[in-house]
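Let's take a walk through a protein and the small guests it holds. Have a look at the picture first, then read on.

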Amino acid sequence: MISGRSSTVSAIDFVRKMQGKSQAALIKASDHEQYVVKWMHGPRSTISVRLEALRNSVYQYLGLPVSTWTTIDIPDELLKAHPEMWISTPKGIIRPDAGIHFASRLVSPPGGAFYEFLPTRMFSRVTNRSDFWGAYAADVWTERFEIRQALFVPDEAPSSLRAIFIDHGSSFALLGSKEVARLTSCLYSDRLIYPESEMVTGLHDWIEHIRKNGHAAIAQAHDSLPPEWITSSVVEKENRLLDRIQDLRDIMFPSISRFSSAASRKTGRCCSVRVLLRAGTVL
Ligand SMILES: Nc1ncnc2c1ncn2[C@@H]1O[C@H](COP(=O)(O)OP(=O)(O)O)[C@@H](O)[C@H]1O
Ligand SMILES: [Mg+2]
């Protein structure tokens, strides 16, 4: 959903509960699609879920391969009929509120098979590994300081795979001025997925892409949100992201450029992901 708002779908049936912090539910909707639903007043804060929707639209606008999203209306009867989808809290089980929630459309390739955890030996089959640098740049820009998640679906060539990024939420909804999150916290869990030789050019290109298209991406993403989700906190975050565009190179590159020239002079190679990680943990 990137140009304007798409219409809200209605929940028809509960399929199963998903793993993860959000305690999301897989739900069948009125358009015959299935959605991973995150509760507006659930384990993640309401602002976190709204910002996930904003990021999801921003990433889509930037051309990253991401899951798409919409709003979903969950009726009270469905919640009453399926206590399995209720939320566990330290104080007990809580029934989510009926009404409008965030819904990520289930990535379901024809044939249905995809990988969420891909063995390292299969990384060479992934056709769009360089997009992981794009996801990293976008995550750092939008302060999504949470491990990067992707699904791998069959691509056109036999046995090739394509990564689709999911989960654009972050536990750090709004960072306070004194909080500094580690840039490395938004890397994919197996760092070998990143094509190391493309790191410096890949990141430079993505930073430039964000510099050129970031303003339009935020404007489009803003329009994709339901008006009642556009609170002062959301607008504050949008403005913060706009401000970060001009600083993005400095935010990401002191670490890299500091090491890259020395490293490449010595070894003739670009700086490694290990260097990025070491530099990232210093920030
Ligand atoms: N669009 C999607 N398509 C397929 N599976 C998804 C999608 N979004 C989420 N999932 C699955 O649901 C799980 C929980 O969703 P996620 O967005 O990671 O929520 P959280 O980590 O906040 O609980 C994921 O680990 C993944 O298995
Ligand atoms: Mg997750």
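What follows goes from the ligand pocket to the metal.

First, some ground rules: this is a predicted model, where local features need pLDDT of at least 70, side-chain atom pairs count only at pLDDT 80 or more, and totals for chains, interfaces and linings use all residues. Residues are numbered from 1 along each chain as its sequence is written, chains are lettered from A and ligands numbered from 1 in the order written, and side-chain values use heavy atoms, leaving out hydrogens and water.

Start with ligand 1. It has 18 residues around it, and the closest are Ser22, Lys38, Arg44, Val107 and Glu116 (around here means having a heavy atom within 4 Å). Strands E3 (34-38), E7 (99-105) and E8 each give at least two residues to this shell.

Now zoom in on the polar contacts (pairs of N or O atoms within 3.5 Å). An oxygen of ligand 1 is 2.8 Å from an N or O atom in the Lys38 side chain, while a nitrogen of ligand 1 is 2.9 Å from a polar backbone atom of Arg105. The side chain of Asp167 also has an N or O atom 3.0 Å from an oxygen of ligand 1.

Asp167 turns up again at the magnesium ion, ligand 2: its OD and the OE1 of Gln149 are the protein donors, 2.0 to 2.1 Å from the ion (donors are N, O and S atoms within 2.8 Å of the metal, or 3.2 Å for Na, K and Ca; water isn't among the atoms, so sites may look incomplete). Gln149 belongs to strand E8 (residues 149-154), whereas Asp167 is in the loop between strand E9 (161-166) and helix H4 (199-224), 18 residues apart.

Terms used:
Helix = DSSP H or I, 4+ residues; strand = E, 2+ residues; numbered from the N terminus. Polar contact = N/O pair within 3.5 Å; in protein donor to acceptor, adjacent residues only side chain to side chain.
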